[in-house]
2 protein chains.
Amino acid sequence: MTIKDVAKKAQVSIATVSLVIHNNKRISEETKLKVNNAIKELNYHPSRSARGLVSQKTGNIGFILTENHFLRSEPFYTQIFLGAEFEAHNHEFYILLTTVPAIAKSKTKLPRFVLEKNVDGIIVAGTVPHKLVSLLDEHSLPIVYVDYYPEGKESSAVLIDNFGGGKEATEHLIQLHHRNIAFLGGDITHPSIKHRFDGFKWALDAHAIPFDNNNYIVDEVDTSRESGYKAAEKLLKINPGVTAIFACNDAMAFGAMQCVKDEGYSVPQDISIVGFDDVEIARTSDPELTTIAVPKQELGCEAVRLMNRLLESKTVTSHSVTVGIELIKRNSTAVKQ
Amino acid sequence: MTIKDVAKKAQVSIATVSLVIHNNKRISEETKLKVNNAIKELNYHPSRSARGLVSQKTGNIGFILTENHFLRSEPFYTQIFLGAEFEAHNHEFYILLTTVPAIAKSKTKLPRFVLEKNVDGIIVAGTVPHKLVSLLDEHSLPIVYVDYYPEGKESSAVLIDNFGGGKEATEHLIQLHHRNIAFLGGDITHPSIKHRFDGFKWALDAHAIPFDNNNYIVDEVDTSRESGYKAAEKLLKINPGVTAIFACNDAMAFGAMQCVKDEGYSVPQDISIVGFDDVEIARTSDPELTTIAVPKQELGCEAVRLMNRLLESKTVTSHSVTVGIELIKRNSTAVKQ
DNA sequence: CTGAAAGCGCTAACAT
DNA sequence: ATGTTAGCGCTTTCAG
């Protein structure tokens, strides 16, 4: 089934068929209909190879993820990929997924699809080694970063409204009459975590709530459940009167929740807890976790849209979009007793 | 950088370059060297579009996964994908990953890459709706199934040695002098589970160990941790003297372990437990879980190899390969007290 | 052992 | 409004 077959069936030239496919306006409605019918009847799909050959485009987008992000049990980045895959349909793209080591090797290699020029652009999701970013830059391919922004240069990116999320989470607690509110974080140099913390501080400030060293624990090495447990332990020691906790992500929130329970407090009666991410188990934990929902699939979707714009406009103007978050009220927060 | 540039640089014709690339034997060592040097110096990579156009192949392989398999927290299928991605390098394939709904919709649609003929073959990992299998069959594309085998027709597949695994797990317990050994299963109509159970029974039989209704619980609806807990509860009620448990997978093993502990027994002193899969946390649980390791990446790797063979031999002879398993002895099993 | 040339399916500039 | 045609980069006969 080639364009020739369609042309023959519709009794037109192959050029006309091509024009119809590309929605060229200078084709009469009549022939357009004839051709479209033929296309449908023959179940014709243009050959991507032939198209690629003349257009010098592949129609593929590379999707780069670190191995641990891809394999980790909370399917955060897999959700982003899924959103991208989905949106790719609307732009006739195919997505080539590949993983890279999380830490730069001495001999960092670029993904094969970059070396072989088998993609028109690249989506990089999550933090990746600096080395990779600089290697990628040498190839002057359009790049869209998701949930990550390389320092020191203008880039196109799709980002989470971390500041807004931190703000909303905190204001939710404030509205529940909490005044002694603590932030639990780890890996605080990571921009996302830092911005959540900033939103937290901003909200406290906006409501004239004092803030001091007893109101945050941010020196954990990572943002795992275990770190959440440890951070909460420290917090309860230095600030026993705390009535609400905003954890920088759901994992830490669950760790904190466990610790709080182990120490004999109940959630949310004694202490309210808010997380960030809205992972799957936040819906089924006991109590169900109030958290800031991040529209994961939408992140991927927006990344593809942005890539499409980049690819269409020859002028490579970098541009960032921020996707909104949403406060999901569940049962881990309550009015201060 | 086209084949022409290489030809010019190496002072030969483009045909010669092409022949060198394809390792044609009737090229002198001398020109081969000249050409290969030129290729390296120019960092030349053949255009896939041009190749595809003439060879009528895309160089792509489709990888189909159900959505819940892709998103589930235990990265079993993501590991398989990774193995496939990795092996794809060696055969110059690109892999297009896509997910399908786990339950057939009224209007089940084939993945886009099938409809648009943008793949040379398809790898299907894990159980998928029957509807999808039959739709796929209409397209006469080479298909390799992984960890799944559609009923009622010859297919190429890469399978796990479930029987052997069940056998080894059970024999391990027998060697530790256990005689009252139970099997915990769920979703028993699933071939993989059934074969593990078969291996269990075979091993008991081979060692002349009696087997009756008290030695298995297989009526759980699924193979989750919760089901493992429930199954163990039932087991301890009907068979209080049990000293060893073989759970059909690690999730159920962990559930069972929890239950056994909650009931006041200790693992492995009172009761030994063996799982199946070797998930990540089996290494870090308390006690660390003895289990049957499934080489997940190897499954994907073998799938690509098999696909490659299918694609090379015109005669589409379906063929199955079974990858071996390995007993990993950790601390959840011990000699019977 | 190597080169010339046809042609894969499509797009886009140019003709009509 | 539609058709003709060159050519994208490569593989593959067929000649030499």
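Me: Which residues in α9(A) meet α10(A)?
Reply: In this predicted model, A:Asn162, A:Phe163, A:Gly164, A:Gly165, A:Gly166, A:Lys167, A:Thr170, A:Glu171 and A:Ile174 of α9(A) meet α10(A). On the α10(A) side stand A:Ser192, A:His195, A:Arg196, A:Phe197, A:Asp198, A:Gly199, A:Phe200, A:Trp202, A:Ala203 and A:Leu204. Contact requires C-beta atoms, placed from the backbone, within 7 Å. Helices (H or I, at least four residues) and strands (E, at least two) are DSSP runs numbered from the N terminus.

Me: What classes of residue make up that contact of α9(A) with α10(A)?
Reply: The contact has seven nonpolar, eight polar and four charged residues. Here Ala, Val, Leu, Ile, Met, Phe, Trp, Tyr, Cys and Pro are nonpolar, Asp, Glu, Lys and Arg charged, and the others, Gly among them, polar.

Me: At what angle do the axes of these two helices cross?
Reply: The axes of α9 (residues 162-175) and α10 (residues 191-206) of chain A cross at roughly 40 degrees and come within 7 Å. Axes are lines fitted to C-alpha atoms, for helices over the stretch in contact, with angles from 0 to 180 degrees between N-to-C directions.

Me: How should I read the labels and the reliability?
Reply: Residues are numbered from 1 along each chain as its sequence is written, while chains are lettered from A and ligands numbered from 1 in the order written. Local features need pLDDT of at least 70 and side-chain atom pairs 80 or more, whereas totals for chains, interfaces and linings use all residues.

Me: Changing topic, how many residues does each chain give to the contact between A and B?
Reply: Chain A gives 28 residues and chain B gives 28 residues. In chain A, α4, α5 (67-71), α6 (76-90), β2 (94-100) and α7 (112-115) each give two or more. The side of chain A that touches chain B holds eleven nonpolar, eleven polar and six charged residues.

Me: Why do the copies meet through the same surface?
Reply: They do so because 100% of the interface residues of chain A are also interface residues in chain B.

Me: And which residues come nearest to DNA strand C?
Reply: A:Ile3, A:Ala50, B:Ser13, B:Ala15 and B:Val54 come nearest, out of 25 residues around the strand. A residue is near if its C-beta atom, placed from the backbone, lies within 6 Å. The surface near DNA strand C receives most from α4(A), with five residues.

Me: Which residues are closest to strand D?
Reply: A:Val12, A:Ala15, B:Ile3, B:Ala15 and B:Ala50 are the closest of the 27 residues surrounding DNA strand D. That surface comprises 15 nonpolar, nine polar and three charged residues.

Key:
Contact = placed C-beta atoms within 7 Å.
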